[in-house]
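Biologist: Please take a close look at the sheet in this model, strand by strand, together with what packs against it.

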Amino acid sequence: MTQAETKRVAILLSGGGSNMVKLVESMQGDHPARPCLVLSNDPQAGGLAKARAMGVEVAAVDHRPFKGDRAAFEAALMEVIAPYQPDILCLAGFMRILTEGFVSQWTGRMLNIHPSLLPKYKGLHTHARALEAGDAEAGCTVHEVTPNLDDGPILGQARVPVEPGDTPDVLAARVLTMEHKLYPAVLRRFAAGNREMLTLS
């Protein structure tokens with residue numbers, strides 16, 4: 001694959017970045033993409049140090065000084081992102097809700113991973129909600145980002161059984177193991193132009 005064909009991927013995160021690490025680790029060899037930037041809304045996010053140690057350029061735009069002005073915050077994000085000219089944005093535990101104005105600039109080019117089998121349990125506390133509902137299985141979903149929260153075309157899902165005695169934390173850990181497999185697999189296919197749904201179990 002020539003340099004010109006290789007997709008450039010920017011990854012946005014807010015925390016420790018375990019999914020980011022798996023994405024970056026996967027983007028080598030004959031992979032059709034390479035990481036160009038890891039960006040956080042928290043300058044202290046643990047994922048930034050991990051990305052730096054892996055040789056990826058990092059940046060942070062602290063959302064707090066913007067005091068809820070999402071448009072101004074997103075304009076600052078774009079100012080940082082633009083010089084890297086990414087083809088794909090991957091949200092990997094990025095805990096800010098993005099406005100339609102931002103999302104629309106990346107239509108068909110932005111992915112997110114969510115810890116439930118969408119369309120079930122959009123938003124937060126997904127594992128507790130799955131347990132409260134008595135679900136027999138849980139899992140995670142990679143989808144294209146649209147202006148609606150945790151919506152958009154589904155590109156992949158991974159399922160795990162709910163075990164007797166599971167707590168939200170125990171279930172979350174089991175789902176996270178599958179997140180680390182699903183997200184890199186979907187990104188590889190997506191970067192190559194394949195939007196067919198992938199199912200792992």
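Modeller: What follows goes through the sheet and then through the parts packed around it.

This is a predicted model, in which local features need pLDDT of at least 70 and side-chain atom pairs count only at pLDDT 80 or more, while totals for chains, interfaces and linings use all residues. Residues are numbered from 1 along each chain as its sequence is written, and side-chain values use heavy atoms, with hydrogens and water left out.

The sheet is open and has eight strands (strands are DSSP runs of E, at least two residues long, and helices are runs of H or I of at least four, both numbered from the N terminus), set in the order β3-β2-β1-β4-β5-β6-β7-β8 with mixed pairing. β3 (58–60) and β8 (198–200) are the edge strands, and each has a single partner, so one side of each lacks a neighbour in the sheet. From one strand to the next the twist averages 20° (axes are lines fitted to C-alpha atoms, for helices over the stretch in contact, and angles between N-to-C directions run from 0 to 180 degrees).

Two of the pairings (a pair needs at least two DSSP bridges between the strands) can be followed residue by residue. β1 and β2 run parallel, joined over seven bridges, and K7 faces A33 of β2 across this pairing. β4 (residues 88–91) and β5 (residues 110–114) also pair in the parallel sense, over three bridges, and here L91 stands opposite N112 of β5. Of the seven residues of β1, five are buried (under 20% relative accessible area with a 1.4 Å probe and protein chains only; over 50% is exposed, and values in between are partly exposed), so the rest of the structure largely encloses this strand.

Helices cover parts of the sheet. Helix α1 (residues 18–26) lies across β1 (7–13), β2 (33–40), β4 and β5, at about 165° to β1. Its buried residues are N19, M20, V21, L23 and V24, and they pack against β1, β2, α2 (46–53), β4, β5 and α6. Helix α3 (residues 70–81) lies across β2, β3 and β4, and runs at about 140° to β2.

The largest nonpolar core (buried Ala, Val, Leu, Ile, Met, Phe, Trp, Tyr and Cys residues joined through side-chain atoms within 4.5 Å) has 36 residues, among which I11 and C90 touch the most other members. Helix α6 (residues 168–191) supplies the largest share of this core, nine residues. A second, separate core has 22 residues, including L12, C36, I81 and W106. Apart from neighbours within four places in sequence, C90 is in contact (heavy atoms within 4.5 Å) with V9, A10, I11, L12, L23, L111, Y183 and L187.

Further along the sheet, L155 belongs to strand β7 (residues 154–161) and is buried, its relative accessible area being 3%. Leaving out residues up to four places away in sequence, L155 touches L111, V142, H143, E144, V186, F190, R195, E196, M197 and L198. One of these, E196, is 41 residues from L155 along the chain, yet the C-alpha atoms of the two are separated by 6.3 Å.
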